[in-house]
Amino acid sequence: MLTDKNTVDDKVKGLDHGADDYVGKPFSTRELLSRVKSVLRRFDLSAQRSLVSEMPFGNIVIKPLAREIIVGGGLIF
């Protein structure tokens with residue numbers, strides 16, 4: 001979850017509602033990428049038959065099966 005709400009109550013509420021992680025603004029790109037990598041490591045992607053191959057979010061495309069993140073057409077992870 002990426003949000004501008006940074007109180008402990010906001011974080012707990014987000015995590016209690018199912019978020020795998022909670023990042024408040026402002027944030028560093030390095031920290032965000034590290035957190036995404038951490039979440040991806042938790043999944044055995046070969047066992048995820050129903051996992052979609054691409055998830056577009058504006059100019060960001062996440063490819064879970066390929067373990068790639070593309071921003072503005074350029075591979076960053």
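**Exercise 1. Locate Arg67 in the predicted model, and say what its phi angle and its accessibility show.**

Solution. Begin with the position along the chain: in this predicted model, Arg67 is found in the loop between β4 and β5. Turn next to the backbone, where phi of Arg67 is near 55°, a positive value in a residue other than glycine. Finally, consider the accessibility, for which buried means under 20% and exposed means over 50%, with partly exposed in between. Since the relative accessibility of Arg67 is 36%, Arg67 counts as partly exposed.

**Exercise 2. Work out the order of the strands in the open sheet, and find which strands stand at its edges.**

Solution. The open sheet has 4 strands, and their order is β3-β4-β5-β6, with antiparallel pairing. The strands at the edges are β3, covering residues 55–57, and β6, covering residues 74–75; each has a single partner strand, so one side of each is left without a neighbour in the sheet. To look at one pairing in detail, take β3 and β4 (residues 60–63), which run antiparallel and are joined by 3 bridges. Within this pairing, Met55 stands opposite Ile62 in β4.

**Exercise 3. Identify the residues that form a nonpolar patch on the surface, and decide whether Val71 is buried, partly exposed or exposed.**

Solution. The patch is formed by Phe57, Ile60, Val71 and Ile76, which together have about 320 Å² of accessible area. Of these residues, take Val71, which lies in strand β5 (residues 68–71). With a relative accessibility of 32%, Val71 counts as partly exposed.

**Exercise 4. Describe the surroundings of Thr3, starting from its strand and ending with its contacts.**

Solution. Thr3 lies in strand β1, which covers residues 2–3. Its relative accessibility is 14%, and because buried means under 20%, Thr3 counts as buried. The side chain of Thr3 reaches the backbone nitrogen of Lys5 at 3.1 Å. If the neighbours within four places in sequence are left aside, Thr3 is in contact with Tyr22, Val23, Gly24 and Lys25.

**Exercise 5. Find the cis peptide bond between Lys25 and Pro26, and place Pro26 among the elements of the chain.**

Solution. The peptide bond from Lys25 to Pro26 is cis, and its omega is near -5°. Lys25 has already appeared among the contacts of Thr3. As for Pro26, this residue lies in the loop between β2 (23–24) and α2 (29–41).

**Exercise 6. Compare the separation of Val36 and Asp21 in sequence with their distance in space, and classify the accessibility of Val36.**

Solution. Val36 is found in helix α2. Along the sequence, Val36 and Asp21 are 15 residues apart, while in space they are 8.9 Å apart, C-alpha to C-alpha. The relative accessibility of Val36 is 25%, so Val36 counts as partly exposed.

**Exercise 7. Put the chain together as a whole: which elements does it have, and in what pattern do they follow one another?**

Solution. The secondary structure comes to 2 helices and 6 strands, and, read along the sequence, these follow the pattern β-α-β-α-β-β-β-β. Of the 77 residues of the chain, 18% count as buried. The chain exposes about 5,700 Å², and carbon and sulfur atoms supply 54% of this area. Among contacts between residues at least 6 apart in sequence, 13% join residues at least 24 apart.

Methods. Residues are numbered from 1 along each chain as its sequence is written. This is a predicted model: local features need pLDDT of at least 70, side-chain atom pairs count only at pLDDT 80 or more; totals for chains, interfaces and linings use all residues. Side-chain values use heavy atoms; hydrogens and water are left out. Buried means under 20% relative accessible area, exposed over 50%, partly exposed in between (1.4 Å probe, protein chains only). A polar contact is a pair of N or O atoms within 3.5 Å; within protein, one must be able to donate a hydrogen and the other to accept it, and residues adjacent in sequence count only if both atoms are side-chain atoms. Contact means heavy atoms within 4.5 Å. Two strands pair if DSSP finds at least two bridges between them. Patches are made of residues with over 30% relative accessible area and no salt bridge: like charges are joined within 9 Å, nonpolar side chains (Val, Leu, Ile, Met, Phe, Trp, Tyr) within 5 Å. Accessible areas come from the Shrake-Rupley method with a 1.4 Å probe; for residues, only the protein chains shown count as cover. A salt bridge is a side-chain nitrogen of Lys or Arg within 4 Å of a carboxyl oxygen of Asp or Glu.
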